[in-house]
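Student: I've got the structure open and would like to talk it through. Can we take it a piece at a time?

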Amino acid sequence: MTAVQTPSTRHAPPAVSGPAGGMGPDAGPAAPATGGTALVAQGVSLGYQGRPVVEGLDLAVPRGQVTAVVGPNGCGKSTVLRGLARLLRPTAGQVLLDGRDLHRMPTRQVAREVGLLPQSPVVPDGITVAELVSRGRHPHRGLLRQWTRDDDRVVAEALAVTGTEDLAGREVDQLSGGQRQRVWIAMVLAQRTGLLLLDEPTSFLDIAHQVEVLDLVRDLSTQQGTTVVMVLHDLAMAARYADHLVAVREGRIAAQGAPRAVVTAETVEQVFGVRCRVRWEEPDGDLTVVPVGRHRSTSARPGAAARPGAAATATTAGGAS
Amino acid sequence: MTTLGTTTAATRPAGPATAPPGDPGLPARVRARTRRRSGLVLTALVTGWLAAFLVRVLLGDFTITVPDALRIVTGTEIPGASFILMESKLPRALAGTCAGLALGASGATFQAMARNPLASPDVLGITMGSSAAAVFTLVVLGGSGPAVTVAALAGGAAVAAAILLLSGAAAGAAPYRMILTGVALAAMLTSVVHWVLLTADVYRAHEAMVWLTGSLTGVRWAEIGRMALVVAVALPLLAAVASRLRLVELGDDLAHGLGVPPRQVRAQAMGLVVVLTATATAVCGPIAFVAFLAGPIARRLLGGHTSIPAAAVVGAVIVVVADYLAAYALPGTNLPVGVVTGLAGAPFLLWLLVSTRPSRQEAA
């Protein structure tokens, strides 16, 4: 039996996120009122050079919660995030940030309210962790506003929250993938935005580092009240860590809502085009998605000992993600 | 997709259970360490430049003492010494300094922008654009002085615009396409220069050849003034753009996310680089390898950091020292400075390559 199952982590299944922990007095928009929506897309169409990728997107990002955008490769999930991050101008519709048209706001103001971590940021040569994280303060600086103790405090907090304090003096290009990803998240945190957009924050990371990064994301949500939107390709991970799932297929939203409502055998087949068995384990709510495919389970083949119900050892399952 | 059965990922490093306050002194300490090194290196470089400048002005085949030099500069006429100092040594040292600053800063800016050490204005053909336009003006139109500067500016700007348009770099960072486009344009412009030289009369062609090698001989005070003015205005502006360029270095998307429009920053940097390169080229000719080498040398000194001011000073040191060698290394001959930078630059570049351990990104 080939199983796609979430690893057990210390987190309970996502519950309603707690009240804002508050990252300090100048958190500004980062101290959100829980409830409501932080970001809304209304009839948004997005495309590259006239080629439409996403059409008629209606999306509401719940404030203070973790939203995961899932879908098969090339379905437009990263494009959705680019639209929400203002990297792409919609050809139709609008994106509202707390009720204001995102594309009419001043660039710097957006940078103070929306933090973005793209899929493959570039590490400049010879830069230390502390310096890289400090660059996150840029939107809060100006010609006349020099670096202050306050900036130092924010950077130190970002390092502490992401557990990268010990790395502060190290060069970023000498860190491991997981450490580096935490450093990038620290940089976005130093931006002090109430809303974080993360594009595939776990790609290229092994399972332990994926969990490390996603645990951090949950911490931010439950402890700081940060609103997070992340693109994930791993359905089981998304279901475990997100409060709100958005399933995208061919540039349109196939389903959105609580993970339990979204991840059903029907939606998974509709979105990913793979027949599968979906099981929510009680009592902790772990999700198991078993892709069925064209073949019988290898363990059920003649010659192999049939072990019905036994969980498989780590194997790779295509399809379901 | 990672598939796990009953594996429990419980052995990962413990994350923060509660948000710790962090130590506000920590980032300050790390920054102070880097800043101390930058400060030291910059001070050392400026001292090095000052030493080279003094040697260039006071020593050589005609030694001038410091008190004499001071008296001459303040207006006293000393037979012989006055002429050599005011018509040769001092203008050459000043022109070399200005050109070195301009070329060093330009090269480092482009290399940082394209994230590629190959992307200096000389490789990209911007210097060649200025040269071709200047040679055309000198030889065919018989222009001189400001007309050459204007032509060099136009030529450099035309090549820069062509690179942006043809490589698609205007739409986003495309270092490789930019470099290849630049190499192609440079090759084309070299042919244009050859053609102009072949059809010109011998005297003019020789004059243009000397200029094309990169020479500080015969720079006039008016030209130095023009160059100094441009450098004094454009260098601080470039340093200001550089602080935003550092964010563009993180990738276009991330720069957007931090509130910095990458295309606008690139356009500003490119404009300033064209002005600086063209001004230096119009006066001294395309001095080989300075723009190309100043950035990497400065980075090496700074332990991997890019610093445009440091690269500018490195450029000034290279040109002043090279000009001293060009003037006095071979007794009785007065070589153009470009011959020395060209001869010394190539082995130096190879040494840099061999002695630099490839970074993880390059190796990957």
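Student: What is the angle at which helix α8 and helix α12 of chain B pack?
Tutor: Bear in mind that this is a predicted model. In it, α8 covers residues 221-248 and α12 covers residues 308-328 of chain B. Their axes are 10 Å apart, and the packing angle is about 140 degrees.

Student: And by class, how many nonpolar residues does the contact of α8(B) with α12(B) have?
Tutor: From α8(B) come B:Leu235, B:Leu238, B:Ala239 and B:Ala242, and they meet B:Ile308, B:Pro309 and B:Ala312 in α12(B). No polar and no charged residues take part, and the number of nonpolar ones is seven.

Student: Now α3(B) and α10(B): how are they oriented to each other?
Tutor: Helix α3 of chain B spans residues 81-114, and its axis comes within 9 Å of the axis of α10(B). The two cross at roughly 150 degrees. An angle over 145 degrees counts as roughly antiparallel, so α3(B) and α10(B) are roughly antiparallel.

Student: Which hand does the crossing of α3(B) and α10(B) have, and how do the residues of the contact divide by class?
Tutor: The crossing is left-handed. On the α3(B) side the contact includes B:Ala95, B:Ala99 and B:Phe110, and on the α10(B) side it includes B:Arg266, B:Ala280 and B:Val283. By class, the residues divide into 13 nonpolar, four polar and one charged.

Student: B:Ala99 is in that list. Which residues does B:Ala99 touch, leaving out those up to four places away in sequence?
Tutor: B:Ala99 belongs to the largest nonpolar core, which has 200 residues. Along with A:Val133 and B:Ala294, B:Ala99 touches the most other members of that core. Leaving out residues up to four places away in sequence, B:Ala99 touches B:Met227, B:Ala280, B:Val283, B:Cys284, B:Ile287 and B:Val319.

Student: Next pair, α5(B) and α6(B): why do they count as oblique?
Tutor: Helix α5 of chain B runs over residues 146-167 and helix α6 over residues 175-199, with axes that come within 9 Å. They cross at roughly 130 degrees. That angle is neither under 35 nor over 145 degrees, and it lies outside the 65 to 115 range, so α5(B) and α6(B) are oblique.

Student: What is the hand of the crossing of α5(B) and α6(B), and what is the class make-up of their contact?
Tutor: α5(B) and α6(B) have a right-handed crossing. Among the residues that meet are B:Val159 and B:Ile163 in α5(B), and B:Arg177 and B:Leu185 in α6(B). The contact residues come to six nonpolar, three polar and one charged.

Student: Let's try some loops. Is B:Phe289 buried or exposed?
Tutor: B:Phe289 sits in the loop between α10 (262-284) and α11 (290-301) of chain B. Its phi is near 70 degrees, a positive value in a residue other than glycine. With 25 other C-beta atoms within 10 Å, where 20 or more is enough, B:Phe289 is buried.

Student: And A:Glu250, which also caught my eye: what is its phi near?
Tutor: A:Glu250 lies in the loop between β10 (244-249) and β11 (252-257) of chain A. It counts as partly exposed because it has 14 C-beta neighbours inside 10 Å. Most residues other than glycine have a negative phi. For A:Glu250, phi is positive, near 45 degrees.

Student: How far apart are the C-alpha atoms of B:Thr63 and B:Gly143?
Tutor: B:Thr63 is in the loop between α1 (25-58) and α2 (66-73) of chain B. B:Thr63 counts as exposed, because it has 9 C-beta neighbours inside 10 Å. Along the chain, B:Thr63 and B:Gly143 are 80 residues apart, and their C-alpha atoms are separated by 36 Å.

Student: Stepping back, how many strands does chain B have?
Tutor: Chain A has nine helices and 13 strands. Chain B has 14 helices, and its pattern along the sequence is α throughout. The number of strands in chain B is zero.

Student: Last one: what share of the residues of chain B counts as buried?
Tutor: In chain A, with 321 residues, buried ones make up 53%. Chain B has 364 residues, and its buried share is 49%.

Note on methods: Residues numbered from 1 in each chain as written. Chains lettered and ligands numbered in written order. Predicted model: local features only at pLDDT ≥ 70, side-chain atom pairs only at ≥ 80, totals over all residues. Helix = DSSP H or I, 4+ residues; strand = E, 2+ residues; numbered from the N terminus. Buried ≥ 20, exposed ≤ 12 C-beta atoms within 10 Å, placed from the backbone. Axes fitted to C-alpha atoms, helices over the stretch in contact; angles between N-to-C directions. Left-handed = near helix turned anticlockwise from the far one by under 90°. Contact = placed C-beta atoms within 7 Å. Nonpolar A, V, L, I, M, F, W, Y, C, P; charged D, E, K, R; others polar. Core = buried A, V, L, I, M, F, W, Y, C linked by C-beta atoms within 7 Å.
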